[in-house]
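Welcome to a short set of exercises. Please have the model open in your viewer and try each task before you read its solution.

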Amino acid sequence: MEGFGNLVSVDWLKDNCNHAKLIILDATISKVGGTPSEANINQIPNARFFDIKNAFSDVNARFPNTIPSEVQFETEAQRLGINNDSYIVVYDALGIYSSPRAWWLLKTFGHNNVAVLDGGLPAWEAQGYKTEKTHNLDCKPGNFTTKYNPSNVVYFESLEVISKDPDFAIIDARSKDRFTSKVAEPRAGLRSGTIPNSINLPHEAILDGNKLKSKEDLQLIFSTILKENQHLVFSCGSGITASILSLVATIIGYNNSVYDGSWTEYGTLKSLKMNQPNTWSKDELLAYILIFIAHSDLDETKKEKEYILSRVNKDVYNRVHEKFEEDNDYQSIQNIIEAVKSHDYYSNDFADLFADIKLMAFADGEMDQMEKAAYNLLKKIFKA
């Protein structure tokens, strides 16, 4: 099709929407995980819903948005009526947010005739083009067959080598505040931090409103932070916005891959020793404090442990407990001081924190003298 590439305009789609081999996919997810029907939004006529969160992710995986198996992807793509010779335009209701993830998945599983709609639904509606209420579209099953492209994907096991190789550059699409640990990660229990030697390029920096910036501007942005001929590996929180940067890199000619697990996986699997208290999440700090109090009398009772596990999840408890066991009393206090200085998690709710401490201490029936001493020490640390 003339004018078809990795990115198409709403005017192009309007002119070509009736092409016999063209399929329009709505890959909308809201930033809190909703679907188009939940948001009660409109869609471009005859669009088919590409369900990233369920149909096109491994819902049984430990981490969100994990790439599905070839069998799952092929089955779900055929259900959408996708054929091997289809031309696909994918869009989302936020402009350019989740549609590049669908584009990347289709490319990864061997369908190359796929483009992202620049500006998505907002740009389409801004032109006054026709929409319809979101609904499920019945379609004849397609004949699409997967041809997995492993070069599109990077997995956790490769990151340590890649992070030390000057021929690679790891680019993180999260916001600057998340990348620098100024704000906590939105996923409960996930620590802050970065992949070693990674570079921050917030995905918003390559957008002009709902659309991508010009090709010339994008080339300038990339050239100022990268060395020539590097292979780019994109990461983010859970693989969604990393795909936006992958789209851009492909458009301007960079070889690239997406780290599918992104920071959610890396921050979980690489936080077992927790050697940097200034990167601890709020839940990690809470768990460390409660464990510190529980052990002030040299004995964490079963009921105290049960209380801590009622406040933080098991993964957080286990990695924090492992760190606590490595530390002596002085190191424990210094860790708490460093974490408190780095974050203002409890600046507005000291009362809630110390209520938690008391409830934990009384879980076994009493707060003994050693626990009271540790409790008073913490009060001094937080007041300071």
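The exercises below go from the whole chain to its sheets, a helix, a loop residue, the cysteines and a pocket.

This is a predicted model, in which local features need pLDDT of at least 70 and side-chain atom pairs count only at pLDDT 80 or more, while totals for chains, interfaces and linings use all residues. Residues are numbered from 1 along each chain as its sequence is written, and side-chain values use heavy atoms, with hydrogens and water left out.

**Exercise 1. The whole chain**

Task: Describe the secondary structure of the chain and find the share of its residues that is buried.

Solution:
- Start with secondary structure, where helices (H or I, at least four residues) and strands (E, at least two) are DSSP runs numbered from the N terminus. The chain has 16 helices and 14 strands.
- Next comes burial: buried means under 20% relative accessible area, exposed over 50%, and partly exposed in between, with a 1.4 Å probe and protein chains only. Of the 384 residues, 52% are buried.
- Then take the extent: along the principal axes, the C-alpha atoms fill a box of roughly 80 × 45 × 40 Å.
- Finish with contacts, meaning heavy atoms within 4.5 Å. Among contacts with a separation of 6 or more, 77% are between residues 24 or more positions apart.

**Exercise 2. Two open sheets**

Task: Work out the strand order of the two five-stranded open sheets and name their edge strands.

Solution:
- Recall that two strands pair if DSSP finds at least two bridges between them.
- One sheet runs β1-β6-β5-β2-β4 with parallel pairing. Its edges are β1 (7-8) and β4, each pairing on one side only.
- Look at one edge of this sheet: β2 and β4 are parallel and joined by two bridges, and aspartate 26 stands opposite phenylalanine 49 in β4.
- The other sheet has the order β8-β14-β13-β9-β10, again with parallel pairing. Here β8 (153-154) and β10 are the edges, with pairing on one side only.
- Now follow β9 (residues 168-172), where four of five residues are buried. Five bridges link β9 in parallel to β13 (residues 231-235), and two link β9 in parallel to β10 (residues 199-200).
- Aspartate 172 has a bridge partner in each neighbour: serine 235 in β13 and asparagine 200 in β10.

**Exercise 3. A covered helix**

Task: Which residues of α10 are buried, and which elements do they pack against?

Solution:
- Helix α10 spans residues 262-269, and seven of its eight residues are buried.
- The buried residues are Ser262, Trp263, Thr264, Glu265, Tyr266, Gly267 and Thr268.
- They pack against α6 (156-163), β13, β14 (256-259) and α13 (314-326).

**Exercise 4. A loop residue**

Task: Is isoleucine 67 buried or exposed, and what does it touch?

Solution:
- Isoleucine 67 lies in the loop between β4 (48-49) and α3 (70-79).
- With a relative accessibility of 10%, isoleucine 67 counts as buried.
- Leaving aside residues up to four places away in sequence, isoleucine 67 touches Asp58, Arg101, Trp104, Leu105, Thr108, Phe109, Tyr148, Val153, Tyr155 and Asp260.

**Exercise 5. The cysteines**

Task: Why does cysteine 17 form no bond with the closest cysteine sulfur?

Solution:
- A disulfide is a pair of cysteine sulfur atoms within 2.5 Å, and the structure holds zero of them.
- The closest cysteine sulfur to that of cysteine 17 belongs to cysteine 139, and it is 17 Å away, so the two are too far apart for a bond.
- Compare accessibility too: cysteine 17 is partly exposed at 28% relative accessible area, whereas cysteine 236 is buried at 1%.

**Exercise 6. A pocket**

Task: Which residues lie nearest the centre of the second largest pocket?

Solution:
- On a 1 Å grid over the protein atoms alone, a pocket is an open set of points where a 1.4 Å probe fits, with protein on both sides within 12 Å along at least five of seven lines; lining residues have an atom within 4 Å of a point.
- The second largest pocket is lined by 14 residues, and nearest its centre lie Cys17, Asn18, Ile24, Pro45 and Asn46.
- Strand β2 (residues 22-26) gives the largest share of the lining, three residues.
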